[in-house]
Amino acid sequence: LAKTFRAASQKGRAPEFAYWLHSLATKRGLPEAIFDDAVTRLDHVDRIRRGAAWEGLRQVAMRGYVPALTEIVTRLREGRAYPPDDAELFFWLLRSQQVGLPVDDDIREVQLRLSADRQAWVRSWLARNEWPSEFDR
């Protein structure tokens, strides 16, 4: 692989080769590549691309990829790209807590804004290791 990259660099094709490698990494499901691809499209004007970006971000966040969890929580908390949704924020905060991120204070804050029924609903989805399709953008 390194030999192929050097040959591509010598021919001035390093950017194309890098793009190809990134595409391959994304197709193989590497969290770093999926995250990188998603973050570049989260603010896209096209709703379909934005939705695909959220899907990729959620996919790696469900696998416990910390940068994806952090990005989702930050965007929901700040209302960037989409209006904030306390139920979805609660879901991703709980998922963040499962992987050991220090979010206890944030969880308590969001719990104050959610009914007990809504909290139970979110926890039921988390127990199934899925996010509700209601959250799809």
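## Helix 5 against helix 6

In this predicted model, helix 5 passes helix 6 in a crossing that is left-handed. The two helices pack with their axes 9 Å apart and at an angle of about 150 degrees. Because angles over 145 degrees count as roughly antiparallel, helix 5 and helix 6 are described as roughly antiparallel to each other.

On the side of helix 5, the contact is made by Leu69, Ile72, Val73, Leu76 and Arg77, while helix 6 contributes Glu88, Leu89, Trp92, Leu93, Arg95 and Ser96. When the residues of this contact are sorted by character, seven are nonpolar, one is polar and three are charged.

## Helix 4 against helix 5

Helix 5, which covers residues 66-78, also meets helix 4, which covers residues 47-62, and here the axes come within 8 Å and cross at roughly 125 degrees. That angle makes helix 4 oblique to helix 5, and the crossing in which helix 4 passes helix 5 is left-handed.

The residues that make this contact are Trp54, Leu57, Arg58, Val60 and Ala61 from helix 4, together with Ala68, Leu69, Glu71, Ile72, Arg75 and Leu76 from helix 5. They divide into eight nonpolar and three charged residues, with no polar residue in the contact of helix 4 with helix 5.

## Two residues of helix 5

Ala68 lies in helix 5, and with a relative accessible area of 0% it is buried. Leaving aside residues up to four places away in sequence, Ala68 touches Phe35, Leu57, Val60 and Ala61. The chain also brings Ala68 and Ala38 to a C-alpha separation of 9.2 Å, although these residues are 30 apart along the chain.

Glu71 is likewise found in helix 5. Its relative accessibility is 16%, and because buried means under 20%, Glu71 counts as buried. With residues up to four places away in sequence again left out, the residues that Glu71 touches are Phe35, Val39, Leu42, Leu57 and Arg80. Phe35 and Leu57 therefore appear among the contacts of Ala68 and also among those of Glu71.

## Helix 6 and what covers it

Helix 6 runs over residues 86-98, and at 1.5 Å a residue its 13 residues should span 18 Å, which agrees with the 18 Å that separates its end C-alpha atoms. The helix is mostly covered, since ten of its 13 residues are buried.

Those buried residues are Ala87, Glu88, Leu89, Phe90, Phe91, Trp92, Leu93, Leu94, Arg95 and Ser96. What covers them includes helix 4, helix 5, helix 7 (104-111) and helix 8 (116-127).

## The protein as a whole

Taken as a whole, the protein has eight helices and zero strands, and its pattern, read along the sequence, is α-α-α-α-α-α-α-α. Of its 137 residues, 38% are buried.

If one considers the contacts in the protein between residues at least 6 apart in sequence, 53% of them join residues that are at least 24 apart.

How values were computed: Residues numbered from 1 in each chain as written. Predicted model: local features only at pLDDT ≥ 70, side-chain atom pairs only at ≥ 80, totals over all residues. Heavy atoms only, no water. Axes fitted to C-alpha atoms, helices over the stretch in contact; angles between N-to-C directions. Helix = DSSP H or I, 4+ residues; strand = E, 2+ residues; numbered from the N terminus. Parallel < 35°, antiparallel > 145°, perpendicular 65-115°, else oblique. Left-handed = near helix turned anticlockwise from the far one by under 90°. Contact = heavy atoms within 4.5 Å. Nonpolar A, V, L, I, M, F, W, Y, C, P; charged D, E, K, R; others polar. Expected span 1.5 Å × (residues − 1). Buried < 20%, exposed > 50% of the residue type's maximum accessible area, 1.4 Å probe, protein only.
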